[in-house]
Amino acid sequence: FPPAWSHLTQFILLGFTNNPEMQVSLFVLFLLIYLVTLLGNFLIVTVTSVDPALQTPMYFFLRNLSLLEVCFTLVMVPKMLVDLVSSRKSISFVGCGTQMYFFFFFGSSECFLLSMMAYDRFVAICNPLRYSVVMNRSLCLWMALGSWMSGVPVSMLQTAWLMAHPFCGPNTIDHFFSLASTLLFIMFPFSLILVSYTRIIKTILMMPSATGRQKAFSTCSSHLIVVSLFYGTASLTYLRPKSNQSPESKKLVSLSYTVITPMLNPIVYSLRNNEVKGAVKRTVTRKVLRKLDVP
C-alpha cells in the first residue's frame, strides 16, 4: 500500500506511441513475439523433460532457464499488450509494486542461473573425469533452487526501497530504470560467469587437438551467446551514462532483454545444439505417430 504521505493511487503510462495505427501494429508484433517465446520455451521444457538423452545437468539448467523466461515475460508482456489496445494506460500503486517485485525476482534469478550454467560448463570442460561426481543430482537441485531463491532478497529489498519513497508529484511514467540493484542484478553473477569462462578458455587453449578444442567450445557456445544477449542488452540499459540515453532509446533497449532475448534463447539452443534438435524431432515424431495410432 502507498505510504501515508503518498497521494497517488495509480500511475499513468505513456507507452510507445499515441498513433492508433502504430499501436495496433505494435500489438500484433509483440503478440507474435510473445507467442513464439512461449512456444519455444515450452518446447525446450518438454523435450528436456521427456527425452532420455537430455537427462543431464546442462539440460536440467536449460529447462529451468526456459521456465524463468516464461515467468519473466509473463510479468511484463501481457500488461504491455493490454495497454497497447487500451485508451487509458494506467497501473495501480499496488499493481506497480507487484509487477516491480516479480520483475526483479525473475530477472535476478535468471542472472544467477546463468552463472550456475557457466559453472556446469566449467566442470564439464576443466574436470571432465569428475563431472558426473561433482555435478550430481543433489548439487544440481540445490544450485537451481539457490538461483530461484536468490531473487527473493533482491526483489524484496529493491521493491521496498523504491515503494517507500513519497509519490506526491506527477503520476505520469515515461519509462522506469533502477540502478540500485546493478551490483547484484548484473555485476556479481557476471563476475562468476567471467571467472568460469576464463578457466574454460585457458583449458581449451591448452588442448593439443584442434578437434578437441572445437568440440569443447561447441558445448558452451550456446550458453555464451545467451549470456552475451542478456548481459549485453542489460548493460546498455543500466550502465550507459544518463546523458547518452533518450526515453525512446531506453524503451527500445529494455525491449531487447524483456521481450526479444527470451524469444531468442530457445532458438539459439535449438539451432546450435544437435542434441536438442534431435530431441525435438523425436518428440514431434512420437506425437505424430500417436495421433496416427502407429505402434
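What follows is a chat about a predicted model and the reasons behind some of its labels.

Biologist: Let's start with threonine 73. Why is this residue called buried?

Modeller: Its relative accessible area is 1%, and the label applies under 20%, so threonine 73 counts as buried. The residue sits in helix H2, which covers residues 57-84.

Biologist: And what is threonine 73 in contact with, beyond its neighbours within four places in sequence?

Modeller: Tyr34, Thr37, Pro78, Thr258 and Pro262. Take proline 262: 189 residues separate it from threonine 73 in sequence, yet their C-alpha atoms are 7.4 Å apart.

Biologist: Next, serine 196. What makes serine 196 buried?

Modeller: Same kind of test. Relative accessibility is 9% for serine 196 and the limit is 20%, so the serine passes as buried. It belongs to helix H7, residues 182-205, and touches Ala118, Tyr119 and Phe122 once residues up to four places away are set aside.

Biologist: On to helix H3. How do you know that H3 is largely enclosed by the rest of the structure?

Modeller: Of its 34 residues, 27 are buried, so "largely enclosed" is a fair description of H3. The helix runs over residues 93-126 and spans 49 Å from first C-alpha to last, close to the 50 Å expected at 1.5 Å a residue.

Biologist: What makes aspartate 120 and arginine 121 a salt bridge?

Modeller: Their closest N and O atoms are 2.9 Å apart and the cut-off is 4 Å, so the pair qualifies. Both aspartate 120 and arginine 121 are buried, and the structure holds one salt bridge in total.

Biologist: Now the cysteines. Why is cysteine 126 not in a disulfide?

Modeller: The closest cysteine sulfur, in cysteine 220, lies 9.4 Å from the sulfur of cysteine 126. A pair has to be within 2.5 Å, so that gap is too far for a bond. The count of disulfides by this rule is zero.

Biologist: What about cysteine 140: buried or exposed?

Modeller: Buried, because its relative accessible area is 5%, and the cut-off is under 20%.

Biologist: Last one. What makes Val24, Val28, Leu32 and Leu35 a patch on the surface?

Modeller: A patch needs residues with over 30% relative accessible area and nonpolar side chains joined within 5 Å. These four form a nonpolar patch, with about 360 Å² of accessible area together. Valine 24, for one, lies in helix H1, residues 20-50. As a general point, residues three or four places apart on an α-helix point the same way, because there are 3.6 residues a turn.

Definitions and conventions. Residues are numbered from 1 along each chain as its sequence is written. This is a predicted model: local features need pLDDT of at least 70, side-chain atom pairs count only at pLDDT 80 or more; totals for chains, interfaces and linings use all residues. Side-chain values use heavy atoms; hydrogens and water are left out. Patches are made of residues with over 30% relative accessible area and no salt bridge: like charges are joined within 9 Å, nonpolar side chains (Val, Leu, Ile, Met, Phe, Trp, Tyr) within 5 Å. Accessible areas come from the Shrake-Rupley method with a 1.4 Å probe; for residues, only the protein chains shown count as cover. A salt bridge is a side-chain nitrogen of Lys or Arg within 4 Å of a carboxyl oxygen of Asp or Glu. Helices (H or I, at least four residues) and strands (E, at least two) are DSSP runs, numbered from the N terminus. Buried means under 20% relative accessible area, exposed over 50%, partly exposed in between (1.4 Å probe, protein chains only). Contact means heavy atoms within 4.5 Å. The expected span of a helix is 1.5 Å times one less than its number of residues.
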